[in-house]
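Here's a quick tour of a protein model, put together for someone who works at the bench. Keep the structure open while you read.

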Amino acid sequence: AERYKSSHGLHMRIYTLLFFRTVQRLRGVRGFVGLSLMKKNRDDDAICFQQDNPKRLGSASYRRYSAYCLAKTVREAIFLGATRADIKFDEAAGFLTRGPTRRGKKLGKATKKLHKNGLPKNKYKVMHGIHRDGGKNFIAERYFCYLGVQARQNKSIEGAQAALKAIDRVQAGVQTRIHQRIMAGKTSSLEDFVTYVKAAVADERKASPDLGVETWRYYSKNVLSHPGLTAAKVRQLVKDPQISKGDVEIRVLQGNLEDTLQGWLKLSKAIGLSELDDIVGVDGLNAGRKAADELAREALAALTKGEFPSDAVVLKALRLWGFDKSTSRQNVLPKGHEWVHSDTLGIIENRLDHQLIVSSPCKGHESFVRLLSAWARKRSPNGALPFTTISLNKNYAGRMHRDAGNIGPSIGVATGPYTGGRLRFWAGDSMKGMRSSCVEQVRKERSLFLNIKKGVVFDGNCAHEVEPFKGERYSLIFFTVKKYQKTSDAVKRKMIHMGADWPTAASLKRLQAEVPSLPKGE
């Protein structure tokens, strides 16, 4: 019995020693310092945030949440502006959930080796913009406007994050130069983009001499199936030793800044691009919308009580805004057009559960919507602005149609350096409220031409169209969806915060009374 006790105690001591030595190796620590070694670093845990921002509208935490809610790991959320306190609070409140684990699945040796340092189970990826190079180094990378930028040979994740922030500053510098041209009503050529990139990289090299900006590598690529890329053009391009053709894409091989930009220029021209706006996303959704919202926030903060935003500020914000290419508005598409620049801001109906929700372009861009609402209020009858939704349009003349899902009375305003573009309105539409497929039947009926630049009230259920125009034209239609009474209180509060006078039967009746009618006796 005594020998059993002695051997059993010895075995337990050996097992304990082996256990803690294993922990030490996993944590890379020399010498045992206590049970704190067993605490896991959870910065690389997979996470998922609630996408509907739960923070108080207009608060600093609301703006932070809008920035970091797309993060896939704790490390990425902190990189995007979250604090440790934000992470702790969001998880406790249920706004953040830890991602699923791969339980029950056997992992290969190579994968297990990567996972032992607490890295995500997505092979080499650490976070958006940072991945391993297959060894011990980390690569920071961004891709914008068909141009890729890589900072390689980073020995730590922290070093890769610093490099990624530097690349982001370069991208922001390029976007700032593009936005300055856009706000002035000018476009940027492909050669301008080359100049912008060189200037932004030079600025970063000067500001951050210790980050090795001069060692960055650059590349470009596009798919071989691009409609502008013919077989003859591909044969011509691959004569350049810096350009390589694969099975799916054609690439400008990694190189220094000067050589890659020249290759980028050749490839961009080969696929038929002539201006920077031709590149998808440049006039573009995320960067443009963020810039427009920031401009709007600054403009609203500078207003005194009772003051309205100026036409010039609103025009700059509209020029910055990244308009989507909408193919869904078939009833307004001009002949020969497959899409138009149009966005819906405010309340829409969710097609899955038919609940009324705030449209996705509003999320994170509430200041932009508030700016438009404050500006339109100056042109609305008696300063009242009852609406649930805004139809925001750029540079197209909507053909003759009637609005669907619109309760009727609407406010229309337009801005920009254009001529023509009045709103033709069939005030006595004999087929009011019927589908747009039969709208042409009333074309010969009497109609009115309204100067939408000054702000107009009209009934969207009656036939209307935009006359041809020349120049740059932005139009905003403020209307109320038919099911507005079924909107939840939370959604109502969001719309009121964004500048809406929540519509009521009385306010809509007053607005309907402002709709112009045909002169009598004609």
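What follows is a short lead and then some notes by topic.

First things first: this is a predicted model. Two open sheets get a look here, one built from seven strands and one from three. There are also two separate nonpolar cores, the largest with 58 residues and another with 48.

**The seven-stranded sheet**
- Going across this open sheet, the strands come in the order 3-4-5-6-7-9-8, and they pair in the antiparallel sense.
- Strand 3 (125-127) and strand 8 (243-245) sit at the edges, so to speak, with a pairing partner on one side only.
- From one strand to the next, the twist averages 25°.
- At the strand 8 end, the partner is strand 9 (residues 249-255), and three antiparallel bridges link the two.
- If you want a spot to click on, try Ser 244, which stands opposite Arg 251 of strand 9.

**The three-stranded sheet**
- This one is open and antiparallel too, with its strands in the order 17-16-19.
- Its edges are strand 17 (448-450) and strand 19 (464-466), and each of them pairs on one side only.
- Here the twist from strand to strand averages 25°.
- Strand 16 (residues 423-425) is joined to strand 19 by three bridges in the antiparallel sense.
- Within that pairing, Phe 425 has His 464 of strand 19 as its bridge partner.

**The cores**
- In the largest nonpolar core, the residues that touch the most other members are Leu 345, Phe 368, Leu 392, Leu 476 and Phe 478.
- Helix 12 (residues 366-377) gives this core its largest share, namely six residues.
- Leu 345 has a long contact list even when residues up to four places away in sequence are set aside: it includes Trp 321, Pro 361, Cys 362, Phe 368, Leu 372, Ile 390 and Leu 392.
- The polar side of that list includes Ser 359, Thr 388 and Thr 389.
- The other core, of 48 residues, lies apart from the largest one and has Tyr 146, Ile 157, Ala 163 and Ala 270 among its members.

**Cysteines**
- How many disulfides does the count come to? It comes to zero, taking a disulfide as a pair of cysteine sulfur atoms within 2.5 Å.
- Cys 362 is buried, because its relative accessible area of 0% falls under the 20% cut-off.
- Cys 462 also counts as buried, at a relative accessible area of 3%.

**Thr 73, a loop residue**
- Thr 73 is in the loop that runs between helix 2 (60-68) and helix 3 (74-79).
- Is Thr 73 buried or exposed? Its relative accessibility is just 5%, so Thr 73 counts as buried.
- A polar atom of the Thr 73 side chain lies 3.1 Å from the backbone nitrogen of Glu 76.

**Met 183, a helix residue**
- You'll find Met 183 in helix 6 (residues 157-183).
- With a relative accessibility of 22%, Met 183 counts as partly exposed, because that class lies between 20% and 50%.
- Which residues is Met 183 in contact with, leaving aside its neighbours within four places in sequence? They are Leu 295, Lys 316, Arg 319 and Leu 320.
- Take Arg 319 from that set: Met 183 and Arg 319 are 136 residues apart in sequence, yet their C-alpha atoms are 5.8 Å apart in space.

Terms used. Residues numbered from 1 in each chain as written. Predicted model: local features only at pLDDT ≥ 70, side-chain atom pairs only at ≥ 80, totals over all residues. Heavy atoms only, no water. Pairing = 2+ DSSP bridges. Helix = DSSP H or I, 4+ residues; strand = E, 2+ residues; numbered from the N terminus. Axes fitted to C-alpha atoms, helices over the stretch in contact; angles between N-to-C directions. Buried < 20%, exposed > 50% of the residue type's maximum accessible area, 1.4 Å probe, protein only. Polar contact = N/O pair within 3.5 Å; in protein donor to acceptor, adjacent residues only side chain to side chain. Core = buried A, V, L, I, M, F, W, Y, C linked by side-chain atoms within 4.5 Å. Contact = heavy atoms within 4.5 Å.
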